[in-house]
Amino acid sequence: MPLVQSPMKRYVPDLMSLQRTCEVNYMALMKLLPPGGSVGAERRYQVGNGLQFQLTVSEESRFTSQVILAQHNPELPSYLQARIEIRLYHDVRMAEVCAAQQISMLQPRYDYPNKKMHHRDEKEQVNLFLADWLRFCLNHGTSCPLYPSDAA
């Protein structure tokens, strides 16, 4: 009797888990964002030797904000440095990753395999990565001045 391979089961996002992650990310980001939160506001965090992350408010509206999280490490080429765009939904107190690295407009799921080799759960993974980074920064990071003249 020949073995018949069953087709791969289609990935279905766990919306409750993703929503929980987005709520936790929102609360952590609110602790880390620069006071005032107007467009252009920035805050840097030093984590270890030579590793910095910068949060920049890039858009602001009544119910949403957009924040860019960028890694600054002069020893690494730019393509290896994290860059994440995050949309904050203030009315529901959630933060969702909208774009990460070279992926813009993350889809809730991807068929697999696909031409760009995205994981089936790429959106969930980048939101979990953001949660890990925020937890790490809250536990180990220190806010530092943006420019040497700010230290005076």
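## A look inside a predicted fold

Thr64 lies in strand E3, and that's a handy place to start exploring this predicted model. Is Thr64 buried or exposed? Its relative accessibility is 18%, and since buried means under 20%, Thr64 counts as buried. Its side chain has a partner close by in the sequence: the side chains of Thr64 and Ser61 make a polar contact at 2.7 Å. Look past the neighbours within four places in sequence, and you'll find Thr64 in contact with Arg87, Leu88, Tyr89 and His90.

Now zoom out. The protein chain has two helices and six strands. Follow the sequence from start to end and you get the pattern α-β-β-β-β-β-α-β. The chain has 152 residues, and 39% of them count as buried. If you take contacts between residues at least 6 apart in sequence, 41% of them join residues at least 24 apart. As for the outside, the chain exposes about 10100 Å², with carbon and sulfur atoms supplying 57% of that area.

Next, the inside. The largest nonpolar core has 24 residues, and Leu55, Leu69 and Trp133 have the most contacts inside it. Each element in this table supplies at least two residues of that core:

| Element | Where it runs |
|---|---|
| Helix H1 | residues 15–32 |
| Strand E2 | residues 52–60 |
| Strand E3 | residues 64–72 |
| Strand E4 | residues 83–89 |
| Strand E5 | residues 94–100 |
| Helix H2 | residues 122–140 |

Which element gives the most to this core? That's H2, with five residues.

Leu55 is worth a closer look. Not counting residues up to four places away in sequence, Leu55 touches Leu29, Leu32, Leu33, Ala41, Glu42, Arg43, Tyr45, Val67, Ile68 and Leu69.

Two of those partners, Leu29 and Leu32, are among the buried residues of H1, so let's finish with that helix. H1 has 18 residues and reaches 26 Å from its first C-alpha to its last, close to the 26 Å expected at 1.5 Å a residue. Its buried residues are Ser17, Leu18, Thr21, Cys22, Asn25, Tyr26, Ala28, Leu29 and Leu32. To make sense of a list like that, it helps to know that an α-helix has 3.6 residues a turn, so residues three or four places apart point the same way. What do the buried residues of H1 pack against? They pack against strand E1 (42–46), E2, E4, E5 and H2.

Key:
Residues numbered from 1 in each chain as written. Predicted model: local features only at pLDDT ≥ 70, side-chain atom pairs only at ≥ 80, totals over all residues. Heavy atoms only, no water. Core = buried A, V, L, I, M, F, W, Y, C linked by side-chain atoms within 4.5 Å. Buried < 20%, exposed > 50% of the residue type's maximum accessible area, 1.4 Å probe, protein only. Helix = DSSP H or I, 4+ residues; strand = E, 2+ residues; numbered from the N terminus. Contact = heavy atoms within 4.5 Å. Polar contact = N/O pair within 3.5 Å; in protein donor to acceptor, adjacent residues only side chain to side chain. Expected span 1.5 Å × (residues − 1). Areas by Shrake-Rupley, 256 points an atom, 1.4 Å probe, with all protein chains shown as cover.
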